[in-house]
Amino acid sequence: MDGFYFCSHDKGQCNCRKPLPGLFEQAVAEFPEITAATSVMIGDSLSDIDFGRRLGMLTVFIEGDPERRKPGAESAGKLADMRFPSLAEAVNDLLTNHPKSKHQSA
């Protein structure tokens, strides 16, 4: 991991609350070689998947525990390019089956 980015603002106070692009812009400012086209958005919410889709990233939905899913999770799963039961399974698949794809983790 090269960095962690999070929004500490309430909705409507910034452009870094997903699905707005501010967090990605922060990452690009620190790591200019990053592009949306070569990145993957892995998440468990509709805002995560919307974020990735708006930027043109490969999107991966993490299903997780059905009893702990966020509102909109079913829609997120349908919109995502890929879906997996866990983060570990998603990362394993991406590294094993797509090691030379144009996408890298973001």
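Let's start with Cys7, which counts as buried because its relative accessibility is 17%, below the 20% limit for that label. Keep in mind as we go that this is a predicted model.

Having a cysteine tucked away like this invites a look at its sulfur. A disulfide is a covalent bond between the sulfur atoms of two cysteines. Searching the whole structure, however, turns up zero disulfides. Cys7 is accordingly unpaired, with the sulfur of Cys16 as its nearest cysteine sulfur, 3.4 Å away. To count as a disulfide, the two sulfur atoms would have to lie within 2.5 Å. Moving on to Cys16, its closest cysteine sulfur belongs to Cys14, and because the distance is 3.4 Å, the two are too far apart for a bond. Cys16 is also buried, with a relative accessibility of 5%.

Now please turn to helix α4, which spans residues 87-97 and includes Asp93. Where does the side chain of opposite charge nearest to Asp93 lie? It belongs to Arg83, 13 Å away, and Asp93 is buried without a salt bridge; such a bridge would need a nitrogen-to-oxygen distance within 4 Å. As for its surroundings, Asp93 touches Met82, Phe84 and His98, leaving aside residues up to four places away in sequence.

Helix α4 also holds Leu95, and here the setting is the opposite one: is Leu95 buried or exposed? Leu95 counts as exposed, because its relative accessibility is 61%, and the cut-off for that label is over 50%. On the surface, Leu95 joins Leu87 and Val91 in a nonpolar patch, and together they have about 280 Å² of accessible area.

How values were computed. Residues are numbered from 1 along each chain as its sequence is written. This is a predicted model: local features need pLDDT of at least 70, side-chain atom pairs count only at pLDDT 80 or more; totals for chains, interfaces and linings use all residues. Side-chain values use heavy atoms; hydrogens and water are left out. Buried means under 20% relative accessible area, exposed over 50%, partly exposed in between (1.4 Å probe, protein chains only). Helices (H or I, at least four residues) and strands (E, at least two) are DSSP runs, numbered from the N terminus. Lys and Arg count as positive and Asp and Glu as negative; His and the chain ends are not counted. Contact means heavy atoms within 4.5 Å. Patches are made of residues with over 30% relative accessible area and no salt bridge: like charges are joined within 9 Å, nonpolar side chains (Val, Leu, Ile, Met, Phe, Trp, Tyr) within 5 Å. Accessible areas come from the Shrake-Rupley method with a 1.4 Å probe; for residues, only the protein chains shown count as cover.
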